[in-house]
Amino acid sequence: MNASTGSRIKPFYILGVACILIAWELVAVRMTGALPRLRAVGESLLLLAETSELGQQLAISLHRSLTGLTIGAALGFFTGAAAGFCKPVYYLLKPLIGILLSSPAVVVVMLAMVWFGVGSSMAIFITALFTMPIMYVSVVEGMELIDADLLEMAAVYRLSRWTLWWSIYLPALATAILTGFAFAAGTAFRKTVMAELLGSNDGIGFAMAMTRFNLDAARLFAWVAVCLVVAGVLEFVLVSPVARYLQRWRTVSSDAGVVHE
Amino acid sequence: MIEFNGVTKSFGKRTILDSVSLKVEEKQILAILGPSGIGKTTVLRMAAGTVKPDAGQVRSDRQRIGFIFQEPRLLPWRTALGNVTLVLQGRGLTRDEQVGRAGAILKRLGLQGFEHYYPAHLSGGMRQRVAIARAFVLDPDLALLDEPFTGLDIGLKLSLQQMLLELLAWHPCAMIYVTHEPQDAVLLADRAIVLEGKPGKIMASMDFDRPRGERDQSYIQEQAAKLTAVLTAKKSPVGG
Amino acid sequence: MNNWLKAKKAMPLVWMITGTVAFTLAWQMMARVYGPLLVATPAETLESAVRLFTSPPAVAAFSRTLGRVLLALGLQIMAGLAFGLLAGFYPWVEDLFKPAVSILVAVPPVALALFVIFVFGGGERQVVAAAVALGFPLLYGGAVTAVRSVDRGLLEMLRVFRVPKATQLLAAYVPATLYSLLPSILLAAGLTVRLLIMAEVIVGVDRGIGQALSQARVHMATAEIFAWMLVMAATVLLIEGVMLYLVKSHVLAWQARR
């Protein structure tokens with residue numbers, strides 16, 4: 001691609017990080033009360049770790065987002081595969097998917113709070129509901145990419161169903177599942193946190209909402225740092241390996257991972 | 001005048017040109033022939049000053065350079081007129097002067113009435129005419145042509161060549177013309193050189209003495225045959 | 001497989017209508033089973049939506065939010081284009097921005113909204129700023145890719161003709177980038193609506209759909225929440241439609257006619 005995507009150490013990247021930290025410190029010192037000092041954020045983070053609150057809340061949130069992701073990805077895969085194979089299903093699902101993709105998650109959370117009450121099932125529902133369309137779209141698009149020429153070739157040579165599945169559908173589906181899952185995973189954690197923030201008694205989102213009541217900015221940023229680490233780990237173990245794998249045979253738009261809310 | 005003195009150029013480990021020396025006098029037309037990938041385009045880029053040689057010098061006193069590429073390379077979101085005025089930017093002309101000059105040269109190239117068409121709405125030949133207009137609107141003192149008629153059908157090519165000849169008669173300028181067709185070289189050039197080998201070197205050169213206006217079909221055939229012989233001779237030693 | 005392909009061409013409209021009808025029926029059944037407090041019926045929702053458009057406060061809330069969305073979208077496009085061009089030209093600028101952009105992408109949007117409250121307080125400007133910041137990476141990333149994929153042949157042409165840098169930027173880079181950015185801009189429209197309403201709800205700004213939603217929730221007015229969802233889906237479709245129309249009729253006048 002380009003020079004800046006190499007894996008060598010990039011001085012300007014480090015400078016970029018330094019700029020953020022320095023700007024942060026400057027604002028924190030100049031405008032007292034607006035931002036906590038980085039030191040205070042670090043101390044909050046340590047405190048969270050020591051009191052084992054970090055582990056507890058993180059475990060709760062991770063558990064919810066994983067459960068939601070599993071349900072959402074499975075639903076998305078099955079509906080997506082059904083829609084890919086059978087156009088009527090695609091059109092039947094179109095209004096639902098359209099509404100899901102255009103509704104702000106906060107609104108759906110409000111409804112879900114009415115339906116499920118406050119707590120785990122609500123957060124899991126929200127996570128599943130918003131990861132499902134990602135997987136769905138990815139699978140549908142993946143199936144659309146299956147080459148009509150290849151299928152014709154298969155028909156001409158009378159390939160068996162088994163061969164058809166094994167050599168045409170499965171590779172295409174595997175890629176779609178991988179992409180869909182990688183992007184859904186990032187979304188899942190963010191949605192869980194949001195659902196918790198609006199309506200839960202535990203989890204990272206709830207902990208963040210509490211910092212607002214206690215006006216404890218340092219603690220809020222400590223939690224944000226935790227979220228960033230989770231996102232970073234996901235990126236490192238899931239998203240970028242998948243992107244790299246895909247780049248071997250087709251260009252993948254890097255935008256896909258950015259569309260979130 | 002533009003002069004190459006022992007110019008060598010490599011890209012990475014591959015040496016493209018090896019000690020190439022050539023000279024184009026004022027109002028002289030030089031044709032460069034040779035197989036593809038030999039570095040003909042690199043010569044043009046060095047003449048335009050966008051590529052620097054690794055060794056040797058390119059000396060040029062040319063101020064205004066017109067370039068015609070193999071493809072028209074027009075901005076798709078600008079009209080024919082807009083594409084021509086583009087190169088007049090930053091040359092101290094008022095907007096009216098720019099439009100006047102661009103309109104005049106488009107008219108000369110038979111594009112009157114098409115000034116406000118976008119490239120997508122013009123035919124391939126018309127697009128290349130816009131590209132020619134763009135190169136000559138500057139009153140260039142050096143025109144660089146990189147196989148401008150390759151890929152066009154024969155009738156179109158002949159008519160464009162005719163237009164080019166008329167433009168040159170109206171506004172003579174130094175020119176380097178890259179082509180792989182011996183006929184094209186004989187039709188337009190005062191002198192032809194042949195680039196050959198890896199890395200590319202000047203293997204032969206030929207002058208066409210008869211004035212451009214007086215070259216008839218038989219002269220062109222005869223000289224082109226000679227040039228073809230020179231071109232094929234380079235490959236023959238191995239085959240016998 | 002052949003039949004399937006044939007059917008594919010004839011079916012869409014029929015199936016889309018069938019899909020909508022089936023969706024409405026399923027929705028109606030859900031409403032029957034769970035009662036109006038949990039799920040409003042389609043009829044109630046529609047009625048509520050009509051009421052929204054005849055009640056001045058709701059219309060005011062809608063136009064307020066729409067104005068903010070358009071402002072945020074415009075700022076996003078400008079910022080994305082400006083910074084994207086810069087980073088596209090200079091890889092070191094891209095490296096410099098990378099940490100900040102990665103944070104914007106990775107941070108849960110709600111957390112960023114909280115951040116805004118903490119640092120800048122609540123208010124209309126803050127809401128728009130949060131939406132701009134959260135939507136920015138999409139257009140920025142698109143612009144960086146777009147700048148790098150500007151036709152090399154055209155760039156060489158600009159260089160050999162010694163076209164002034166400012167003209168190169170305005171006549172070649174900006175149109176080329178904007179053009180490749182169009183799909184991202186369409187995506188950004190829907191995204192911005194969602195982000196802005198999220199920010200309105202979290203930051204709790206006066207007058208706007210966010211506040212209307214919060215109130216509807218307090219009053220357990222399920223039909224009204226449903227109605228707002230419908231209105232928002234329609235708004236996203238409308239913005240996309242208007243943008244597509246403008247793009248096709250004006251921006252892309254230079255493309256080949258069909």
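What follows is a short working chat about a predicted model and its chains.

Q: Before we start, how are residues and chains labelled, and what cut-offs apply to this predicted model?
A: Residues are numbered from 1 along each chain as its sequence is written, while chains are lettered from A and ligands numbered from 1 in the order in which they are written. Because this is a predicted model, local features need pLDDT of at least 70 and side-chain atom pairs count only at pLDDT 80 or more, whereas totals for chains, interfaces and linings use all residues.

Q: OK, what is the average pLDDT of chain A?
A: Chain A averages 83, with 89% of the residues scoring at least 70; pLDDT is the predictor's confidence in each residue, from 0 to 100.

Q: And which elements of chain A have the lowest and highest mean?
A: Helix 7 of chain A has the lowest mean pLDDT, 74, and helix 3 (residues 53-85) of chain A has the highest, 93. Helices (H or I, at least four residues) and strands (E, at least two) are DSSP runs, numbered from the N terminus.

Q: Where does pLDDT stay under 50 in chain A?
A: It stays under 50 over residues 1-6 of chain A, for which the model has seven contacts beyond four places in sequence, and also over residues 251-261 of chain A, for which there are 29 such contacts. Two residues are in contact if their C-beta atoms, placed from the backbone, lie within 7 Å.

Q: Switching to interfaces, how many residues of chain A and chain C are in contact?
A: In that interface, 52 residues of chain A are in contact with 56 residues of chain C. Helix 4 of chain A gives the most to the chain A side, with 10 residues.

Q: What classes are on that side of chain A?
A: The side of chain A that touches chain C has 36 nonpolar, nine polar and seven charged residues, where Ala, Val, Leu, Ile, Met, Phe, Trp, Tyr, Cys and Pro count as nonpolar, Asp, Glu, Lys and Arg as charged, and the others, Gly among them, as polar.

Q: Now chain B, in what order do the strands of its open sheet run?
A: Three strands of chain B form the open sheet in the order 2-1-4, with antiparallel pairing; two strands pair if DSSP finds at least two bridges between them.

Q: Why is one side of strand 2 and of strand 4 left without a neighbour?
A: Strand 2 (14-24) and strand 4 (55-60) of chain B stand at the edges, each with a single partner strand, so one side of each has no neighbour in the sheet.

Q: How many bridges join strand 1 to strand 4?
A: Five bridges join strand 1 (residues 2-11) of chain B to strand 4 of chain B, and Glu3(B) stands opposite Arg59(B) in strand 4 of chain B.
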